[in-house]
Amino acid sequence: MAYEKPLPQPNADTRPFWDGCKEHQLRFQKCRDCGHVRWPPSIICPRCYSSEVEWMVASGEGKVYTFVVYHYAYHKAFENDLPYITAIVELEEGPHILTNIVGCSSDEVRCDMPVKVAWEDVTEEFSLPKFKPAQND
Amino acid sequence: MGLKDKYAIVGVGYTPQGRVPGRTALSFYVEACANAIKDAGLGRQDIDGLICYRHFQPASGEREVTPYVVAQQLGLAPKYLSQEANCARSQLHHALGVLEAGLCNYVVVAYADNALSSDRIPDETNPENSVFGQFGYPASYAMAARRAMHTFHTGPETWKMIAVGQRQWASLNPLAMMRDRPLTFENYYSSKWVVEPFRVSDCCLVSDGGRAYIVTSVERARDLSHQPAVIIGIGQHNPSSYIDQSTYMAGPTGAKIAGEMALKMAGINLEDIDACEIYDCFTYTVEVTLQDYGFFGLGEGQDWFKYGTITPGGRLPVNTSGGLLSEAYFMGLTPLTEAAMQLMGRCGDRQLGAKTNTKEPEIILCSDNGATLQTHSCTILRRF
């Protein structure tokens, strides 16, 4: 069946991130001058304004900063997933990213719970970084 | 500081509100502005500034509402026009700036929409987020509220007192959308989840209608229809980060610094405040805002709200029109115009003072915030 949920719309800033996801790598910009790892991508470092940058690969480990549980589908394609969890994960390297928590029920999720990336290949072109409880291995 | 006691709100414009089908957003803007101008005892030739809040995507067949179109329909040719694009809450600051600079004498500030009855579905979604099924403001504020539940002692036990307290005020307001819909703690818990931890009763209304006010100098206000509501303090602080990246979900939000600025300008303390009109897009917003202003310590809201603190008869009334939760949604104009009307003594059955067994209002503090706690504006008004 065709994938009916919204897909990423990479732009000049975010394309390297989504290209990385396709290879199951979480890529972030790291400032070559001050070492700050940033998300979302930007032309300069928001801390020191340096434009010297490299892309690094994050470990995929982090913890749940916060989360919510959807009981109502704002988009038809998510109806079958109800109730589903969206979360902000604080990665070990610093950035916060918005994602889904999978592999556990909404009653089991907690703030600060350790999680690790769980890749979902949704189309030929795109893989989504979702997260699952770290102890589920 | 220089702006204290120099400027005042001198007129408020209402429109039919709630579910009002068959009207364009523009028509509500025009009606709200015209009513504010008439309410102040002014004519269109007097108005030389017009400032609009942002406008969401227009409904099908309607054009985007811009301030020059509103001006055209009001027969105005203002010396200052502006519109905020995406949830910065600087409208009053702009108005005071052009008044203080001598560019204008009477400025109208307005917001209107036909959000409830039109076919428009607001699309505020970041494409990176919709991929994961994250849509809209209830979810992003719920993210903040969940983090607050983790960081300090809060949750539905606190928020229910905000939802119920404001509904009690709405029951006294003939214009309130929820006037005839009493809310008990039990009803609160049985109201449906929207995005957990928020229930329907935690979320603001979607409304048709508009609201506007007129601001001018206290000197000019003396010649107008009503006793003016005098601006004694303003402050603004904008932490700016997208909520996804923010670390201030559980506070301090922009309210902390904005509140300190406004109190300092006014030369008063929190003890001098008789009531608050707080931007209440969600119940949690009211809690974190009052907490960041310093009315109670971190996580002490649950005790502070107890025993009807904010309700009719309470010691610090909050959102006396019913607010965005129970009156109607007109951005920061719902709270600010209610403060002005209370200080003018024009609030009928919900009037602060003997009628509602509350303090006679001398000073009211108002807030307005935008996006997901990214922008914040605080305004303190006093009776003339």
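# The interface of chains A and B, and elements of each chain

User: How many salt bridges are there between chain B and chain A?

Analyst: The count between chain B and chain A is one salt bridge. Please bear in mind that this is a predicted model.

User: Which residues form a salt bridge there, and how far apart are the closest N and O atoms?

Analyst: Asp112(A) pairs with Arg147(B), and their closest N and O atoms are 3.4 Å apart.

User: How many residue pairs are in polar contact across the interface of chain B and chain A?

Analyst: The rule finds 16 such pairs, with both residues at pLDDT 80 or more.

User: Which elements of chain B each supply at least two residues of the side that touches chain A?

Analyst: Helix H4 (127–130), helix H5 (136–151) and strand E5 (193–196) of chain B each do so. H5(B) gives the most to that side, with seven residues.

User: And by class, what does the side of chain B that touches chain A have?

Analyst: That side of chain B has 14 nonpolar, eight polar and five charged residues.

User: How many residues does the contact take from each chain?

Analyst: Chain B contributes 27 residues to the contact and chain A contributes 34 residues.

User: What area do chain B and chain A bury between them?

Analyst: The two chains bury about 2800 Å² between them, and 62% of it is on carbon and sulfur atoms. Of the area that chain B buries against chain A, 27% comes from Val131(B), Phe132(B) and Met143(B), which is more than any other three residues supply.

User: What joins E5(B) to strand E4 of chain A?

Analyst: Two bridges join E5(B) to E4(A), residues 61–70, and the strands run antiparallel. Within this pairing, Val195(B) in E5(B) has Tyr70(A) opposite.

User: Let us turn to chain B itself. How many residues of helix H10 are buried?

Analyst: Helix H10 of chain B, residues 283–293, is mostly covered, with 11 of its 11 residues buried. The buried residues include Glu287(B) and Asp292(B), as well as Val286(B), Val288(B) and Leu290(B).

User: What comes just after H10(B)?

Analyst: Gly294(B) comes just after H10(B), and takes a positive phi of about 105 degrees.

User: What about strand E10 of chain B: covered or open?

Analyst: E10(B), residues 363–370, is mostly covered, and eight of its eight residues are buried. Ile363(B), Leu365(B), Ser367(B) and Asn369(B) point one way from the strand, while Ile364(B), Cys366(B), Asp368(B) and Gly370(B) point the other way, and all are buried.

User: In which sense do strand E9 of chain B and E10(B) pair?

Analyst: E9(B), residues 275–277, pairs with E10(B) in the parallel sense over three bridges. Ala275(B) has Ile364(B) of E10(B) opposite.

User: And how many bridges join E10(B) to strand E11 of chain B?

Analyst: Eight bridges join E10(B) to E11(B), residues 375–383, and these strands run antiparallel. One of the facing pairs is Asp368(B) with Ser377(B) in E11(B).

User: How many residues lie between the strands in the hairpin of E10(B) and E11(B)?

Analyst: There are four residues between the strands, and in this hairpin Ala371(B) takes a positive phi near 50 degrees.

User: Where is Lys264(B), and is it buried or exposed?

Analyst: Lys264(B) is in helix H9 of chain B, residues 255–266. Lys264(B) counts as exposed because its relative accessibility is 65%, and the cut-off for exposed is over 50%. The C-alpha atoms of Lys264(B) and Ser326(B), which are 62 residues apart along the chain, are separated by 31 Å.

User: Now chain A. What is the order of the open sheet of three strands?

Analyst: The order is E2-E1-E3 in chain A, with antiparallel pairing. Strands E2 (37–38) and E3 (53–58) stand at the edges with a single partner strand each, so one side of each has no neighbour in the sheet.

User: How many bridges join E1(A) to E2(A)?

Analyst: Two bridges join E1(A), residues 26–31, to E2(A). Gln29(A) has Arg38(A) in E2(A) as its bridge partner.

User: Lastly, is Ala58(A) buried or exposed?

Analyst: Ala58(A) is in strand E3 of chain A. Ala58(A) counts as buried because its relative accessibility is 9%, and buried means under 20%.

User: Which residues is Ala58(A) in contact with, leaving aside its neighbours within four places in sequence?

Analyst: Leaving those neighbours aside, Ala58(A) is in contact with Leu26(A), Phe28(A) and Glu93(A). The C-alpha atoms of Ala58(A) and Gln25(A), 33 residues apart along the chain, are separated by 7.4 Å.

How values were computed
Residues numbered from 1 in each chain as written. Chains lettered and ligands numbered in written order. Predicted model: local features only at pLDDT ≥ 70, side-chain atom pairs only at ≥ 80, totals over all residues. Heavy atoms only, no water. Buried < 20%, exposed > 50% of the residue type's maximum accessible area, 1.4 Å probe, protein only. Contact = heavy atoms within 4.5 Å. Buried area = accessible area lost by both parts, 1.4 Å probe. Salt bridge = Lys/Arg side-chain N within 4 Å of Asp/Glu carboxyl O. Polar contact = N/O pair within 3.5 Å; in protein donor to acceptor, adjacent residues only side chain to side chain. Nonpolar A, V, L, I, M, F, W, Y, C, P; charged D, E, K, R; others polar. Pairing = 2+ DSSP bridges.
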